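Visitor: I have this structure to look at and I'm not sure where to begin. Could you walk me through it?

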Amino acid sequence: MRVGSMVPDAQYAMQQSQAALATALQQVSTSLRVNQLSDDPAASANMVSSLAESANVDQYTKNISSLQSQMQTADASLSDVVTSLNSAITAGTSGASGTVTLANQAATATQVQGLLSSVVASANTSYQGTYLFGGTSSSTPPFVQASTTFTSSAGSTATPLSMSTLLTPDMVTTISDAATGGSLVYKASSPETIGDLATAITNAVTAGTLSAGTTATINAAGHLQIGPNSGTDGIVVSTNDPALGSMTAASGTDVANSYAYVGNSSVNSVQIGDSLSVTTNLPGSSAFLGTNVMGSLKGLISALQSGSSVQIGAATAAVSTALNAVGETRVPLDNSISELNSQETFLGQETVNLKTAQTALVGVTLSTAATNLSQAELDNNAVLAASAKVLPQTLLSYLAPG
Amino acid sequence: MSLSTSLSIAVQALNADTGALQGTNNNIANANTPGYSRQTVIFQEATPTENGSLSMGDGVVLEGFQSVRDELVQTQIQQQTQSQSGTNAQLTTLQQIQPAFTTSTADIGTQMSALFTSISSLSAAPANSADRESVIAAGQNLATAFNTTSSALTTAQTGLNTQVTQDVSQINTLTQQIAALNPQIAALTGTGQDGGTLEDQQNQLVLKLSALTNVSITQTNNGGETVTTGNGTALVVGSQSYALQTAPSGSGMLQVEDSNGKNITPTLSEGDLGGTIQTRDTTIPGLLTQLDSLANQFGNAFNAVQNSGFDAYGNAGVNFFTIPSTSSIAGSAASISVGVTDPNLIAASTDQVAGGNGNLTRMTALQTAALSSGQTPGATYSNLVYQVGNLTSTATAESSATAASLLQLNDQLSSVSGVSIDQESTNLIAYQQAYEAAARVVSTIQSLFQVTLSMGTAGAN
C-alpha cells in the first residue's frame, strides 16, 4: 500500500495520549475518577441520592446533638423534682410524728412551700427559649400561678364591654383550671360575641373541664370578668383577642400554692434516622398533672398547716405516690436519651460507610491515580519518541546536496 | 532519418522532462495543501515516422497531467464529516449544559437536600425563628437552582438558534462557490482536460458544506457536481445555486426554508446545522420539559403539605412556593420562587400551636414520597443527571469514533491522492536524469553536426 504523510496519524496519536495524560493528571489532583457527568453518568446519578443521604445523616447527627442537650436538661429537671419530692416526704414523715410542735409543723409547711416553688421552677424549665414541659405550647411557662378571678384590660365604666361585644375572628381565649387540669380553648368565629364565650364557659363547667362557678360576666367597671372560680385551686386566663385586651388576675384573688397548666398534651417527634424518630418532649400534663406532683405538695402544705398528724401522714403518702409516678414518667424520656446515644454511634458508622461508597462511585485511590498517570506518561513519551523518530525520515536526508 | 530528426526528438524529450519536473515541483509545493490531489505526468510516445518498411520512433510527447482521486473514499469522507460535525455540534452544547447538573454547592440536588435538612433541623426546635429563616433561605436557594438550570438550557438554546443563521449563511456562500466552479470545470473537461485544481477546490468546498449539513452529491457528465440536501432539495444545479433562508417558526425558533419558502428543518439531520437543530429542537426541550415537571410537581407537592398545616400564628399554611398551576407546567423551573418571606408563615404544626412540628414530619416525608410522575424528587433529578451525562458521554464516544474513522479514511485517501515527498524525490531524480540524458543527446548531435560540417573543410586544408 502506498503511504502518504504520517503527520496526521502522529498528530492524532499525540492528541489522544495527551488527552489521556490530562485525564490522569486531573485524577491525581482531584482524587476523583468522575470529574464531570459524562465520565460516568450512572455513578453521577447515584451520587445525587448518596449525597442527599449523607446530608440527611449529618442532619440526624446534629438533631441528636441538639436533642441530647435538651432531653438531658429535661431529665435533670425531673431529677430535681425527685429530689424535692424526697425532701417533702422526709419533711412530711417528720411532721407526722406526734412529737413535733405546731410551730415546727408550720416551719415544715414553709419548707415544703419552698420545695413546691422549686418543683414549679423545674416544671417551667426552658432550653434555648423552649419550655420543656409545655407540650407543643412551648413558648411560655406552662405552669402559672392560679387565681380565682381574671379581668380584661378592655372596657371601662364609660364604654363598658357587654355580652353583645363582638370578639375578633380567629383570636383565641384560653381558660386553664388548676383543679380539673382541663382547659377551654375558645377560638372566636365571626360574628361571635362575649355572650358566646360565656355560653362556652358554662358548657365547659357542665362538662367538668372547668370547676363549678366559673362564669363570664361584665363587672361594674365595664370589664369582662371570668370567675370567681369556686374550686379550691383557681384558674388562669389568657387571650390574644384585641377586643378583650390582656387578661390579668384580679387583685387579691391568687390561690396560694396553686398552679394551672397552660401547656398542652401534644408531643413532638424528630427524625434521627431514615425510619427512626424519637419523642422529644414530655408534656407537663403527664409529668406533673397526671402524677399529681403539685397537688400532693399543696395537700402536704395544707396538712402541715392544719397540724393533723393523720392528714400529714395521708398527704405524705400522696407525695410518695407522686414520686413513684414521676419515676415512671421518666422511663420513656430516659429510653429516648439512650436511643439517641446508640443512634449517634450508628450514624457515625453510617457516615463512614457512605463516604466509602461515594469514593467507590466517583473517587480514585491515590495509588491507582498515580499508576494511571505513570501509564499515561509512558504512552505519551512513546508517541512523542516514535513521532520524533519517524517524521523526519525522508529520502532527501540521504541525497547528497548539490 | 536525419540528425535534425534526432535533434528534434531530443528537444521534445527536454520539453517533456521539463514539464514532468514542473509537475513534480507542483506536487512537492502542494504536499501540505488541504484537498490537493497529486498529479501524475502523462507521457505519450510520439507517432512513429514511417520510412518505407521502416517504422522509426519519434520521441516522446507530454500529453498532460492527471489528478489521482478515489471518488468512493472521497464520498465516505464527506459522509463521515457530516456525521462528525453533527455530533460535535451536539457535544459542544451538552458540554456547556453539563456543569449545571454537576454536583456542586448550587445544583438542584444539593439545594433540594439542603431544604429537607433545614426542615429536619427546624423540627428539633419548631419555634426557633433562625431555623425558620433557614428553611426560607433553603427554599430560595432551591428555587434559584431551578431558575439557573433552566436559564442554562434556554441560553444554550438561544445560542443554537443564532448558530442556525450563521450555518445557513455559510451554506449559501459555499453553494455559490460550488456553482461558480461547475461551468469552469465543464469547460476544461469539454476540451478533454483533467479538472485538476478546480475539482480539488470543488471537493474542498463540498467537504466544508458536508461539515455544515447533510448533502447528497451527484457527478454530472461534464465533471461538475449537483448538490442537494438529504431530502432532495436542490442547492446547486449546474451554474445555479439555490439559497436557503431562515424564518421565525411558531415556537419562536428559526426554521430553515428552501428557496421556495418550504420548511425543510426536520430533514436537516447531520452536519453542524443538523446537530444544532437536533439539540435545539429535541435534546434541550426534552430536558427542559423534565426540569419544568420536576419544579412544578415538587413545588405543588410542597405547597399541598404546607397548606395542610398551621403556621406560627395558628392559621392554615399559605403556599410556600410561587409556581404556575399544574395545568401550566412549561416555564415552571424558570419562574419558581419562594412566596413566603415571614418565617412565622412556615406551617410547622398540625395542632395550630407554634411549637408543634407535626407538619414538618410530613414535609420531610416528601423526600421519599413519589411525585405525580411516580418517582421521588431525588430520583427524578438523578434521572435528569443521568440523561445529561449519558447524552454527553454518547456524543463524546461518537465524536471519537468518527474522528478515528475519518483519520482512517483520510489515510486511505492520502494513500491514493496524497503527495509522497519520497516518491516525488525519486521522480525528481528520474526526470533530472532523463533531462540530462536528452541534453547529452543534443550535445552529441551538435558534435555530429560539427563533424559533418567539417567533412568538406578537412580536405581543403
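Guide: One definition will help us first: two strands pair if DSSP finds at least two bridges between them. Please also keep in mind that this is a predicted model.

Visitor: Okay, so over how many bridges do β4 and β10 of chain A pair?

Guide: Strand β4 of chain A, which covers residues 150-152, pairs with β10(A) over 3 bridges, and the pairing is in the antiparallel sense. Within this part of the chain, A:Phe150 stands opposite A:Ala249, which belongs to β10(A).

Visitor: And which strands form the sheet, in what order?

Guide: The open sheet has 4 strands in chain A, arranged in the order β7-β8-β4-β10, with antiparallel pairing. Because β7 (216-218) and β10 (247-249) of chain A each have a single partner strand, they stand at the edges, and one side of each is left without a neighbour in the sheet. From one strand to the next, the twist averages 30°.

Visitor: Which helix lies across β7 and β8?

Guide: That is helix α4 of chain A, residues 194-207, which lies across β7 and β8 (224-226) of chain A and runs at about 145° to β7(A).

Visitor: Switching topic, how many residues does each chain give to the contact?

Guide: Chain A gives 43 residues and chain B gives 49 residues. On the side of chain A that touches chain B, the elements giving two or more residues are α1 (7-30), α2 (41-96) and β12 (269-273) of chain A, and the largest share, 16 residues, comes from α2(A).

Visitor: What kinds of residues are on that side of chain A?

Guide: The residues on the side of chain A that touches chain B divide into 22 polar, 18 nonpolar and 3 charged.

Note on methods. Residues are numbered from 1 along each chain as its sequence is written. Chains are lettered from A and ligands numbered from 1 in the order in which they are written. This is a predicted model: local features need pLDDT of at least 70, side-chain atom pairs count only at pLDDT 80 or more; totals for chains, interfaces and linings use all residues. Axes are lines fitted to C-alpha atoms, for helices over the stretch in contact, and angles run from 0 to 180 degrees between N-to-C directions. Two residues are in contact if their C-beta atoms, placed from the backbone, lie within 7 Å. Ala, Val, Leu, Ile, Met, Phe, Trp, Tyr, Cys and Pro count as nonpolar, Asp, Glu, Lys and Arg as charged, and the others, Gly among them, as polar.
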